Amino acid sequence: MGEAGAALQGCNAALLEGLAELRARRDELSERIREEEAERGRLQARLGALSQRLARTNESLAGHLAARSELDRSIAETEAAYGKILESSQTLLDVLKGEIGNASKASEPKSTSKQKEKQTSGQKHS
């Protein structure tokens, strides 16, 4: 039994050594797990902050896009109205030029015909 007891003690020592190695690996793994959980926590906090920042940026962007759209609409309406004003001004100017021309024509023949009559009557009297 001496040999059996020695063999049993050798197995026992090998088992204890194997268990100690497994516990050491578990401790290393537990440390890695703690580190990764801490990193996950930091990343989740950053992710939360970035998500809030993204939401604020999206809201701001939506507001700016709406404002730009409103400005585009206002610019288009103003340009269209300005175009109509230019057309109306040109039409008014054309009408005014026509009226001035008509007024000039109407007044010229009278003054020239009166002058011709005076010239003609002045020549007959002489």
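How many residues apart in helix 1 are E31 and R34, and what does that make their separation in helical turns? The tour comes to that pair at its third stop. The model is predicted.

**Whole chain.** Start with everything shown. The protein has one helix and zero strands. Helix 1 covers residues 2–125, and the protein has 126 residues. Colour by burial and the buried class stays empty: buried residues make up 0% of the protein. Switch on the accessible surface, which comes to about 11,500 Å². Carbon and sulfur atoms account for 59% of that area. The structure also holds five salt bridges, and the stops below visit some of them.

**L16, L19 and L22.** Select these three leucines. Together they form a nonpolar patch on the surface, with about 290 Å² of accessible area between them. L16 has its place in helix 1.

**E21 and R25.** Select E21 and R25 next. A salt bridge joins them, with 2.9 Å between the closest N and O atoms. Both residues lie in helix 1, and the four-residue spacing is about one turn of the helix. E21 counts as partly exposed because its relative accessibility is 42%, and the partly exposed class lies between the cut-offs of 20% and 50%.

**E31 and R34.** This is the pair from the opening. E31 and R34 are three residues apart in helix 1, so about one helical turn separates them. Show the side chains: E31 forms a salt bridge with R34, and the closest N and O atoms are 2.9 Å apart. Now check exposure for each partner. E31 has 35% relative accessibility and therefore counts as partly exposed. R34, with a relative accessible area of 48%, is partly exposed too.

**E70, R73 and E77.** Select E70 and R73. Their closest N and O atoms are 2.2 Å apart in a salt bridge. Why are E70 and R73 separated by about one helical turn? Because they are three residues apart in helix 1. E70 is partly exposed at 40% relative accessibility, and R73 is partly exposed at 38%. Add E77 to the selection: salt bridges with shared partners join E70, R73 and E77 into one network.

**Reading the pairs.** As background to these stops, side chains of opposite charge can pair when their charged atoms come close. To finish, keep E31 and R34 on screen with the distance between their closest N and O atoms labelled; the label should read 2.9 Å.

Key. Residues are numbered from 1 along each chain as its sequence is written. This is a predicted model: local features need pLDDT of at least 70, side-chain atom pairs count only at pLDDT 80 or more; totals for chains, interfaces and linings use all residues. Side-chain values use heavy atoms; hydrogens and water are left out. Patches are made of residues with over 30% relative accessible area and no salt bridge: like charges are joined within 9 Å, nonpolar side chains (Val, Leu, Ile, Met, Phe, Trp, Tyr) within 5 Å. Accessible areas come from the Shrake-Rupley method with a 1.4 Å probe; for residues, only the protein chains shown count as cover. A salt bridge is a side-chain nitrogen of Lys or Arg within 4 Å of a carboxyl oxygen of Asp or Glu. Helices (H or I, at least four residues) and strands (E, at least two) are DSSP runs, numbered from the N terminus. Buried means under 20% relative accessible area, exposed over 50%, partly exposed in between (1.4 Å probe, protein chains only).
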